[in-house]
Amino acid sequence: MRSCKKLVFFVALLLPFAGGCYRSSEATVNGVAINKEELHAALMLAQGQQVLYRLCLQKLILAEANRQSLEISGAEFEGFSEEIRNRVSDPAMAAVVENEVRARLLLRKILVKDLKEKHIEELYDVFGPELAKHKIYAVTVESEPEARRVVELLRKGNEPETVVRNHCKSERERESGGLQGYLNFGEVNLRWGEEVSYQLQDPKRGRIAGPVRRTNGYLVVYLSDTKAGFEEVRGEIEDLVVDSRRPEAIYKMLSGANISSVYLLDPKRLPQTSLFQGEMMPWDYPGRMRVEALPQQSLRETPSSAPPKSEDDFSEL
Amino acid sequence: MGCSSFFSRWSGTALALFLFICPPVRSEDSPRANIEGQYRKSALATQLRFYDGCTSLRHPEFQLYSPEGERISPLLLRQRTIHIFRSAVSIKEDARVLSFRKIAADQMECEVTSKLEFTLVGEFLKSLILVEVETRHRDIWRLTAAGWKLFRTDVVRQSQSKKPLSLALPSHQIQC
């Protein structure tokens, strides 16, 4: 009886440790487990210091917003909240994402808090033409005569989608009707080159650029509409101000803060290594969470005038 | 910590001063006034890290040449400029026209001196480095359907200096 009791006691003592041997793993590869500690260590080595600073900055922004009595209302956050609920199942992870989104929205509020209406108007006077957005259609055709025919049809006032669908080469252009969205001339320049941007701005050309020879045919670009009014461009102006002020604000917050962490004090706790950085696959792997659903304008961290590349990216020449 | 207070100097005083003394460029201005206005606009765009604003003065066939006479690729120029915009904590540019002459009915030539100042973060976020780039360049402007545009820049000479800064950021008032 005494030996049975000893055995039960011994097994009971071992059980918590035995559980570790059969702990659920984060992944298994041909039966070989990748456990939570291993994944955590690799993530820390890959991006740990950067993520740690981001979290520190997040706390500083939330504190500063609180000090300035700035907040994000339920209505302002509703869209993001729903998006996070739809995409993130783990509650702890969802909370982290929520805090980060909230911090970015609050940082924007901090940065535009003292931006007067008069200054927005003055910036509009100076940079209105560069910030205006234009509705752009683009089509690539096989030959120059066909491209000239497209130009003629557009000049006569034919619907651009119809012209594109009747003359385009690619399936993608057929589906979209050639619509590229609303772009400013900087984005047009980046996507198709300065020649196209310049031709679109030449009043004698009737808002049509081309034919311009490309590696895959002849390009014609058409400008059908422009949003250049003050209210239409106001958001872009605020973005400009936010982007220009952000680096200085972030530097002031981080450099003035009392940040204490074993990871930052001891280089061996978080060594710098490129072992877990960079893409190892030449393609985008499945299941990767898309962050495009979150409004890019509010969450953009760095100034960007680079639109997504299209198949007609002029840099091919 | 007053984030909004240290911006008031930029938004309240500097921009107002810039726009009062240097009003927006108008097509009816003389060529020199028009061109000098465009340099000021480009300098403001630099301070705002607005690349498209910086390049708004360029002719579509704009050419840039180094002091050695080598043509600099526009893509390389863009990459370097965007890199500075992304790395700098603060940034400021000033351009002054030293001389101005008409070389053809639709062409003007200017001798210009530009100073670009930007601050970079030092180690452990506890220090700043001030970088100053001074450039003397000769510019040719052409009259186009869209107004005066910068057609060509020849860099005559360029110098760069770096020095550590105290923790306080330098005051960046816009000057005309």
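**A walk through a predicted two-chain model**

A:C56 counts as buried, because its relative accessibility is 17% and the cut-off for buried is under 20%. Keep in mind as you look around that this is a predicted model. A second cysteine to find is B:C110, which is also buried, with a relative accessible area of 1%. If you are wondering about disulfides, a search of the whole structure finds zero of them over all chains.

Let's move to A:Q58, which you will find in helix α2 of chain A, the helix that runs over residues 36-67. This glutamine is buried, since its relative accessible area is 2%. What does the side chain of A:Q58 join through a polar contact? The partner is the side chain of A:E100, at 2.9 Å. If you set aside the neighbours of A:Q58 within four places in sequence, the residues in contact with this glutamine are A:V96, A:N99, A:E100 and A:A103. So A:E100 appears in that list of contacts as well as in the polar pair.

Now step back to see chain A as a whole. This chain has 13 helices and six strands, and 39% of its 317 residues count as buried. Take the contacts in chain A with a separation of 6 or more: residues 24 or more positions apart account for 74% of them. On the outside, chain A exposes about 19,100 Å², and carbon and sulfur atoms supply 55% of that area.

Chain B offers a helix worth a slower look: α4(B), residues 74-87. At 1.5 Å a residue, its 14 residues should span 20 Å, and the end C-alpha atoms are indeed 20 Å apart, so expectation and model agree. Which residues of α4(B) are buried? They are B:L77, B:R78, B:T81, B:I82 and B:F85. These residues lie on the same side of α4(B), because they cover an arc of only 125° around the axis. Turn to the other side of the helix and you meet B:Q79, B:R80 and B:H83, which are exposed.

What do the buried residues of α4(B) pack against? Within chain B, their partners are α2 (31-47), α3 (51-54), β1 (58-65) and β2 (90-104). They also pack against α9 (185-192) of chain A, so the packing around this helix involves both chains. Finally, look at the N-terminal end of α4(B), which is capped by B:S73. Here a side-chain oxygen of B:S73 lies 3.2 Å from the backbone nitrogen of B:L75.

Methods
Residues numbered from 1 in each chain as written. Chains lettered and ligands numbered in written order. Predicted model: local features only at pLDDT ≥ 70, side-chain atom pairs only at ≥ 80, totals over all residues. Heavy atoms only, no water. Helix = DSSP H or I, 4+ residues; strand = E, 2+ residues; numbered from the N terminus. Expected span 1.5 Å × (residues − 1). Buried < 20%, exposed > 50% of the residue type's maximum accessible area, 1.4 Å probe, protein only. Arc of directions from axis to C-beta. Contact = heavy atoms within 4.5 Å. Polar contact = N/O pair within 3.5 Å; in protein donor to acceptor, adjacent residues only side chain to side chain. Disulfide = S-S within 2.5 Å. Areas by Shrake-Rupley, 256 points an atom, 1.4 Å probe, with all protein chains shown as cover.
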